[in-house]
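Me: Could you take a close look at one part of this model for me, the place where two of the chains meet? I'd like one connected walk-through, with whatever nearby detail helps.

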4 protein chains.
Amino acid sequence: MIIQIAKDISKKDKDQLIEKLNHIQYKGNEVHTQFGNYMIAVGKKEFDIRAVGTLPGVIDIHRVSDNYKLVSKKWKVNDTVIDLGDGVTIGADDIALMAGPCSIESEEQIESTILHLKEIGIKIMRGGVYKPRSSPYSFRGLGMDGLRLWHEAAKRHSIKIITEVMMVEQIDEMLPYVDIFQVGARNSQNFNLLDALGKIDKPILLKRGISGTIEELLQGAEYIFSNGNEKIMLCERGIRSYETAYRNTFDINSIAILKEKSHLPVIADPSHGVGIRQYVEPVALASILAGADGVIAEVHTVPEKAFSDGQQTLDYGQSKNLFNKLRMTWELKKEMDRM
Amino acid sequence: MIIQIAKDISKKDKDQLIEKLNHIQYKGNEVHTQFGNYMIAVGKKEFDIRAVGTLPGVIDIHRVSDNYKLVSKKWKVNDTVIDLGDGVTIGADDIALMAGPCSIESEEQIESTILHLKEIGIKIMRGGVYKPRSSPYSFRGLGMDGLRLWHEAAKRHSIKIITEVMMVEQIDEMLPYVDIFQVGARNSQNFNLLDALGKIDKPILLKRGISGTIEELLQGAEYIFSNGNEKIMLCERGIRSYETAYRNTFDINSIAILKEKSHLPVIADPSHGVGIRQYVEPVALASILAGADGVIAEVHTVPEKAFSDGQQTLDYGQSKNLFNKLRMTWELKKEMDRM
Amino acid sequence: MIIQIAKDISKKDKDQLIEKLNHIQYKGNEVHTQFGNYMIAVGKKEFDIRAVGTLPGVIDIHRVSDNYKLVSKKWKVNDTVIDLGDGVTIGADDIALMAGPCSIESEEQIESTILHLKEIGIKIMRGGVYKPRSSPYSFRGLGMDGLRLWHEAAKRHSIKIITEVMMVEQIDEMLPYVDIFQVGARNSQNFNLLDALGKIDKPILLKRGISGTIEELLQGAEYIFSNGNEKIMLCERGIRSYETAYRNTFDINSIAILKEKSHLPVIADPSHGVGIRQYVEPVALASILAGADGVIAEVHTVPEKAFSDGQQTLDYGQSKNLFNKLRMTWELKKEMDRM
Amino acid sequence: MIIQIAKDISKKDKDQLIEKLNHIQYKGNEVHTQFGNYMIAVGKKEFDIRAVGTLPGVIDIHRVSDNYKLVSKKWKVNDTVIDLGDGVTIGADDIALMAGPCSIESEEQIESTILHLKEIGIKIMRGGVYKPRSSPYSFRGLGMDGLRLWHEAAKRHSIKIITEVMMVEQIDEMLPYVDIFQVGARNSQNFNLLDALGKIDKPILLKRGISGTIEELLQGAEYIFSNGNEKIMLCERGIRSYETAYRNTFDINSIAILKEKSHLPVIADPSHGVGIRQYVEPVALASILAGADGVIAEVHTVPEKAFSDGQQTLDYGQSKNLFNKLRMTWELKKEMDRM
């Protein structure tokens with residue numbers, strides 16, 4: 001049950017609402033986001049929602065039977081649009097495109113990547129400064145030094161930054177330099193991190209877990225939303241299966257389902273989704289017709305020399321082709337949607 | 001190692017070839033198909049292929065390191081085109097479209113379906129007369145009676161028939177009535193069936209196993225090819241995963257990979273691939289941009305009343321929309337391929 | 001609904017029963033096995049079972065809500081015991097042990113294996129004469145010639161034979177030489193084969209599919225039973241998962257569950273279940289405490305030289321140790337069951 | 001490459017060692033644990049290890065080709081024993097047994113559980129005070145208040161405490177009250193948490209990820225070890241598969257493999273491993289014969305009223321039976337190991 005409450009609800013009215021909920025054995029969870037105030041009421045009994053809906057201070061009330069509430073389309077039917085400023089939006093009329101290296105490696109690499117992105121019209125650059133690695137002896141990223149270097153260059157060129165945050169303690173330090181915080185697959189159910197990211201006012205791109213279900217992804221987003229941050233993107237990046245011909249099984253079904261179940265934008269990550277360079281393009285194009293609002297792809301000056309994920313990274317020529325075709329596909333998708 | 005041999009190779013030359021192979025500890029498997037004669041030589045040692053390539057009666061020789069040989073693109077770089085007659089081809093310039101009910105149920109249903117397919121320009125009708133069912137107490141199809149009824153109507157309307165064959169003993173009886181034999185996911189590694197289908201001259205659509213690997217699918221096709229039948233289509237129909245939000249995980253990656261590894265046409269089955277009606281369209285469209293040569297989809301007059309698979313079956317209106325959009329997508333794909 | 005009917009039910013009484021079932025919109029499936037006559041009634045409506053149970057010719061009636069009926073313990077609470085003759089039983093007080101090579105290779109190999117089995121007290125020998133192989137170019141077994149050789153030796157030494165049957169056409173020819181027919185994982189849902197094996201009076205060992213569910217395995221057994229053959233063993237042989245550290249994921253849970261859901265004996269196949277020689281013993285021992293009635297294991301004179309599956313095959317010394325420990329484990333299991 | 005270095009190695013000798021490693025293009029990672037000083041050298045070139053092994057200050061040197069080093073049995077062949085004090089050890093001659101509720105709920109529950117555990121001879125109590133939950137609206141544990149209550153009672157009764165830690169910030173506060181820190185499946189690759197737990201001197205029980213590989217589990221342990229903490233237990237708790245008849249697929253193979261690959265103790269969690277009460281016992285017993293050093297199981301006064309995981313929780317009677325049988329199984333295992 002989602003109860004939208006007035007921003008200026010009086011303490012008396014709120015107490016009355018809580019008392020009413022307790023009376024019918026529902027537990028109320030207050031949520032204050034950038035855009036609204038809600039009471040999420042969880043309980044088991046059936047009851048007449050009008051008895052609550054007509055209380056003073058209550059604006060609206062919706063039954064949501066899913067295990068996720070605020071991120072469900074059953075409640076909010078209009079698609080969420082995330083505004084990054086400077087005319088860059090996600091989930092709106094334009095396809096959302098993000099590209100860049102797996103790891104931020106050097107000033108030269110940053111500069112070269114930015115020039116390439118600008119040339120092909122990409123306004124959001126990806127890159128890792130904190131890298132989750134299976135082995136403790138692998139390169140784990142340049143950390144804050146890398147992020148500051150990157151931010152300086154990105155600002156100069158009006159490029160937005162998306163990068164992964166791995167732990168609660170990193171958030172504050174990273175905050176001034178980051179436009180979108182990415183939560184990686186391994187942290188998809190790191191609930192303390194999700195709680196903390198719900199308390200800031202920056203967009204979050206939440207990746208599906210390595211073998212996360214669609215419902216778990218939506219519940220992860222619910223953590224962020226219910227802590228106060230409505231600016232969330234869902235990211236399909238492939239799941240673990242028995243097939244060894246590629247890295248992950250890109251779940252094209254999930255894109256179609258997420259778009260129907262949730263109002264949040266959905267971003268496809270074909271680089272991890274298939275994990276082999278020559279298949280990134282077909283999978284990326286497919287994701288748009290399945291309903292994705294955009295694509296995030298790994299691009300590097302010399303993929304073979306990348307510090308990590310080189311085998312799934314595009315070079316500049318491939319990247320230019322891909323993004324051209326993505327835009328053509330987007331046009332077709334819009335045309336078909338109007339039919 | 002694939003050694004293409006002359007159709008009129010003399011016994012002496014063939015014996016010499018076999019002797020040569022034995023000498024280098026390779027085992028030769030002779031293959032005679034509709035289109036050529038081959039010797040598939042399997043062994044472990046490295047050797048100078050010219051020593052074999054220059055023997056009399058040998059036309060060509062190719063090293064193929066994959067576990068599948070004749071279906072590999074390493075050997076035959078041109079895509080295979082399957083001609084069904086009457087101008088219906090698969091793997092050529094046109095998108096291959098097949099539609100129809102899960103089960104053939106009645107004369108009325110057949111007639112209605114054919115009229116619908118003709119209206120929307122589909123020339124190949126799918127339908128099951130032998131149905132593999134998990135429970136022995138479920139409806140198992142109308143059998144040969146259904147097939148004969150169907151064939152009579154299809155012939156009248158110039159519609160091609162694709163239907164599933166489940167066992168070797170059914171082949172002969174079905175042969176006069178069928179244009180494409182389908183091998184279902186559960187029989188994907190029924191090697192005796194594949195052997196037998198390799199000995200007839202009718203196209204085969206081979207579905208990937210319920211949890212079959214891409215390599216197993218190609219090796220299954222190798223069974224058919226090496227028995228003499230080159231007319232094979234590969235079909236991606238989703239794989240079994242932990243996700244319960246849908247029926248199967250449609251493996252979009254496999255489409256891109258199959259198209260690169262093999263010269264055989266690839267058909268997408270979005271109906272089984274996602275298993276829920278409203279997601280069939282996005283998955284089908286996606287499959288084309290991933291590289292599929294065509295789509296097979298379940299369509300029924302009244303999906304809710306279908307004897308089987310109703311929940312993933314489109315009605316006529318949805319079907320018309322889908323096939324329109326598939327053709328638009330095909331146009332875009334062709335345009336992008338020319339870039 | 002399982003309705004046990006008298007062997008000598010009159011035609012009139014049977015017609016009355018069928019009429020009654022039709023009246024309540026149930027479909028009756030008559031089943032005649034070696035041990036009883038049944039009517040399996042499938043329908044949706046709730047009704048008073050006494051109205052059927054008191055009809056003449058009806059001995060007993062059981063509601064079974066599972067998708068499998070005759071193999072369910074809800075109906076038959078006593079464990080099924082399969083008698084192979086000569087004092088060899090499966091599912092009774094003794095642990096059932098089967099061993100032998102993956103493939104029957106030669107007379108010498110047969111003789112040596114039999115002597116080894118006799119020395120360590122194993123009375124059932126496994127071995128393949130028809131081998132399902134992923135590649136058409138692999139060794140596919142010695143066929144009937146191998147089986148006849150084997151049978152001659154086995155008869156001489158009073159050893160029982162279990163071997164895989166791959167297609168309906170093979171059954172008649174194999175019948176005189178085989179004590180237990182094995183259905184392999186790839187044929188677990190080859191329903192025509194299951195139908196045919198239900199029509200003979202020889203025990204069947206049915207393997208779980210490569211990614212078969214527990215319910216599918218039980219429904220596969222239902223095919224055999226409902227065609228007339230009650231002599232069925234269920235075999236857990238590992239399932240396909242994402243883990244690549246071994247061949248298959250032996251599903252120890254399934255053993256416990258199958259024993260609770262069904263009255264049929266359960267046999268563990270640790271050789272395929274883990275696929276690496278040194279882990280066969282721990283997995284085999286574990287299976288007994290999980291509830292397995294016996295174990296089938298691959299054993300070879302010189303595992304490294306086996307035509308197939310050598311890496312998961314035990315040598316004679318390892319085999320002797322394993323079967324000793326299995327018997328010790330069996331004793332503990334019986335002791336704990338009495339507690 | 002693991003280079004064991006003298007505790008009192010001189011700066012000069014260490015510099016010489018590092019220089020030598022750099023010279024052969026190896027990167028050295030210094031590790032100081034409770035028990036030793038090591039240099040983990042990672043590189044690609046083959047070289048003569050004697051050239052390093054004979055340097056001053058170097059005690060020993062081992063080539064370890066696995067992706068994990070310090071946790072590998074290739075280096076340390078003797079099994080690790082973890083001493084919790086008061087005669088409680090893990091990985092030694094006695095079976096390690098841990099039991100208790102999923103969540104710590106109240107003082108009464110704590111007291112009752114402790115009395116039960118003491119009665120049946122269990123010396124380590126499990127229980128969650130920080131609970132990872134899929135939904136933000138579920139009960140998330142009593143936190144530090146619960147832990148303090150629990151600790152007070154546990155101390156009084158000489159019971160050891162194992163409980164889950166979810167984030168770096170919780171460690172310091174929990175430290176005085178906890179005997180074993182548990183890392184849950186969802187945090188199995190929360191590398192910052194693993195780093196931090198490597199810097200304390202308390203035993204860690206590391207659970208395998210929800211779909212973690214065996215190698216990822218060992219690499220996770222390597223994170224802890226390489227940060228300085230050698231006191232690690234590995235925990236198999238079932239993996240995610242397509243099977244829906246139970247909660248997780250308990251991977252019995254992994255127990256056998258982990259025991260062979262690593263010197264660390266392995267604990268089985270049959271409660272999560274199968275997720276249904278009546279199958280916990282068979283799975284638990286099986287795990288011992290597969291090689292587990294102990295078992296952790298969920299036990300509750302009234303499982304049906306447990307705040308979480310009730311369906312997989314044993315009552316006291318079941319718990320008493322289970323632990324009796326586990327000890328009998330342990331005796332058999334020891335006897336067979338001596339054979």
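**Where chains A and B meet**

Reply: Let's start at the axis: among the residues of chain A, A:A286 gets closest to the rotation axis, with its C-alpha at 2.0 Å. Keep in mind that this is a predicted model.

What is that axis? Turn chain A by 180°, with a shift of 0.0 Å along the axis, and it lands on chain B with an RMSD of 0.1 Å. The two copies are therefore related as by a two-fold rotation axis.

Now the contact itself. On chain A, 34 residues are involved, and they touch 34 residues of chain B. Four helices of chain A each put in at least two residues on that side: α7 (214–226), α8 (252–261), α10 (277–290) and α11 (316–337). The largest share belongs to α10(A), with 9 residues. Sorted by class, the side of chain A facing chain B comes out as 20 nonpolar, 9 polar and 5 charged residues. And 100% of the interface residues of chain A are interface residues in chain B too, so the copies meet through the same surface.

Crossing over to chain B, have a look at helix α11 (residues 316–338). With 23 residues at 1.5 Å each, α11(B) should span 33 Å, and its end C-alpha atoms are indeed 33 Å apart, which agrees. Its buried residues are B:S319, B:L322, B:F323, B:K325, B:L326, B:T329, B:W330, B:L332 and B:K333. The cover over these buried residues includes parts of both chains: α10 and α11 of chain A, along with β7 (96–100), α10 (277–290) and β14 (294–298) of chain B.

The other pair is worth a look as well. Between chains D and C, the contact takes 34 residues from each chain. On the chain D side, α7, α8, α10 (277–290) and α11 (316–338) each bring at least two residues. The biggest contributor there is α10(D), with 9 residues. The class split for the side of chain D touching chain C is 20 nonpolar, 9 polar and 5 charged.

One of those contributors, α7(D), deserves a zoom. This helix covers residues 214–226 of chain D; its 13 residues should span 18 Å at 1.5 Å a residue, and the end C-alpha atoms sit 18 Å apart, which agrees. Of its 13 residues, 12 are buried, so α7(D) is largely enclosed by the rest of the structure. Among the buried ones are D:I214, D:L217, D:L218, D:Y223, D:I224 and D:F225, but also D:E216, D:Q219 and D:E222. Within chain D, they pack against β2 (27–32), β3 (37–42), α6 (191–197), β11 (204–207), β12 (232–236) and α8 (252–261). Just past the end of α7(D), D:G228 has a positive phi of about 125°.

While we're on backbone angles, there are two non-glycine cases to check. In chain D, Q25 sits in the loop between α1 (11–23) and β2. D:Q25 has a positive phi near 60° without being a glycine, and having 10 other C-beta atoms within 10 Å, D:Q25 is exposed. In chain C, D86 is in the loop between β5 (82–85) and β6 (88–90). C:D86 isn't a glycine either, yet its phi is positive, about 55°; with 11 C-beta neighbours inside 10 Å, C:D86 counts as exposed.

Methods
Residues are numbered from 1 along each chain as its sequence is written. Chains are lettered from A and ligands numbered from 1 in the order in which they are written. This is a predicted model: local features need pLDDT of at least 70, side-chain atom pairs count only at pLDDT 80 or more; totals for chains, interfaces and linings use all residues. The expected span of a helix is 1.5 Å times one less than its number of residues. A residue is buried if 20 or more other C-beta atoms lie within 10 Å of its own, exposed if 12 or fewer, and partly exposed in between; C-beta atoms are placed from the backbone. Two residues are in contact if their C-beta atoms, placed from the backbone, lie within 7 Å. Ala, Val, Leu, Ile, Met, Phe, Trp, Tyr, Cys and Pro count as nonpolar, Asp, Glu, Lys and Arg as charged, and the others, Gly among them, as polar. Copies are superposed by least squares on the C-alpha atoms of residues with pLDDT of at least 70 in both.
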